[in-house]
Amino acid sequence: MGSDQNHTDYDLGQKICRELRCGNRSAILELYNSYGLFFAAYARYRLFDNDPHGAENVLSNFWLELLNAKAICKYSGKASLRTYLTHILNRRIIDA
């Protein structure tokens with residue numbers, strides 16, 4: 001992924017950060033619409049041997065974590081936004 005995409009991702013991350021900090025919780029929908037299906041498939045793939053509801057629980061916790069703005073506001077644009085968020089989701093999967 002090129003630096004232009006990372007810059008675009010950084011701008012999006014900062015925009016969502018500002019919106020969430022202002023109380024606009026629906027700002028997370030832009031991330032959900034862009035990456036929600038990918039994250040759902042990824043979580044189900046990683047947790048396929050566990051509790052059938054495990055992926056849904058992990059995903060719920062992941063999206064709730066993003067709503068508090070702390071995680072998205074830490075995004076620095078060094079990697080793609082999807083990669084950054086996948087690392088966060090992966091930590092939640094490991095914790096599960």
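1. A residue counts as buried when its relative accessible area is under 20%, as exposed when that area is over 50%, and as partly exposed in between. With that scale in mind, Glu 30, whose relative accessible area is 33%, is partly exposed, and Lys 15 at 35% is likewise partly exposed. The model under discussion is a predicted one, and the points below should be read accordingly.

2. On the overall fold, the chain has five helices and zero strands, and from the N terminus its elements run α-α-α-α-α. The radius of gyration of the chain is 13 Å, which is close to the 12 Å given by the globule rule for 96 residues, so the chain is as compact as a globular protein of that length. Taken along the principal axes, the C-alpha atoms fill a box of roughly 40 × 30 × 20 Å. Of the 96 residues, 43% count as buried, and among the contacts with a separation of 6 or more, 67% are made by residues 24 or more positions apart.

3. The structure holds four salt bridges. One of these joins the side chains of Glu 30 and Lys 15, with an N to O distance of 2.9 Å. Because Glu 30 lies in helix H2 (residues 28–46) and Lys 15 in helix H1 (residues 3–21), this pair ties together parts that are 15 residues apart in sequence.

4. Another salt bridge is formed by Arg 44 and Glu 56, whose closest N and O atoms are 3.6 Å apart. Arg 44 belongs to helix H2 and Glu 56 to helix H3 (residues 54–67), so that the pair ties together parts twelve residues apart in sequence. Both partners can be placed on the accessibility scale: Arg 44, with a relative accessible area of 45%, is partly exposed, and Glu 56, at 32%, counts as partly exposed as well.

5. A further salt bridge links Glu 65 and Arg 92, the closest N and O atoms being 2.6 Å apart. Here Glu 65 lies in helix H3 and Arg 92 in helix H5 (residues 81–95), so the parts tied together are 27 residues apart in sequence. This pair is also part of a network of salt bridges that links Glu 65, Arg 92 and Asp 95. Is Glu 65 buried or exposed? Glu 65 is among the buried residues of H3, although it carries an acidic side chain that takes part in a salt bridge.

6. Helix H3 itself deserves a closer reading. Its 14 residues should span 20 Å at 1.5 Å a residue, and its end C-alpha atoms are 20 Å apart, which agrees. Besides Glu 65, the buried residues of H3 include Val 58, Leu 59, Phe 62, Trp 63 and Leu 66.

7. What follows H3 should be checked by eye: the helix is followed by Ala 69, which is found in the loop between H3 and H4. Phi of Ala 69 is near 75°, a positive value in a residue other than glycine. Most residues other than glycine have a negative phi. At 3% relative accessibility, Ala 69 counts as buried.

8. Turning to the interior, the largest nonpolar core has 30 residues, of which Leu 31, Ile 72 and Leu 85 touch the most other members. The elements that give two or more residues to this core are H1, H2, H3, helix H4 (70–73) and H5. Nonpolar side chains tend to be buried together in soluble globular proteins. Leaving out residues up to four places away in sequence, Leu 85 touches Leu 31, Tyr 35, Phe 39, Phe 62, Leu 66 and Ile 72.

9. Tyr 75 sits in the loop between H4 and H5, and at 3% relative accessibility it counts as buried. Which residues distant in sequence does Tyr 75 contact, once its neighbours within four places are left aside? Its contacts are Asn 6, Asp 9, Tyr 10, Gly 13, Gln 14, Ser 80, Leu 81 and Tyr 84. With Gly 13 the C-alpha to C-alpha distance is 6.7 Å, even though the two residues are 62 residues apart in sequence. In addition, a polar atom of the side chain of Tyr 75 lies 3.2 Å from the backbone nitrogen of Leu 81.

Technical notes: Residues are numbered from 1 along each chain as its sequence is written. This is a predicted model: local features need pLDDT of at least 70, side-chain atom pairs count only at pLDDT 80 or more; totals for chains, interfaces and linings use all residues. Side-chain values use heavy atoms; hydrogens and water are left out. Helices (H or I, at least four residues) and strands (E, at least two) are DSSP runs, numbered from the N terminus. Buried means under 20% relative accessible area, exposed over 50%, partly exposed in between (1.4 Å probe, protein chains only). The expected span of a helix is 1.5 Å times one less than its number of residues. A nonpolar core is a set of buried Ala, Val, Leu, Ile, Met, Phe, Trp, Tyr and Cys residues joined through side-chain atoms within 4.5 Å. Contact means heavy atoms within 4.5 Å. A polar contact is a pair of N or O atoms within 3.5 Å; within protein, one must be able to donate a hydrogen and the other to accept it, and residues adjacent in sequence count only if both atoms are side-chain atoms. The radius of gyration is taken over C-alpha atoms; the globule rule is 2.2 Å times the number of residues to the power 0.38.
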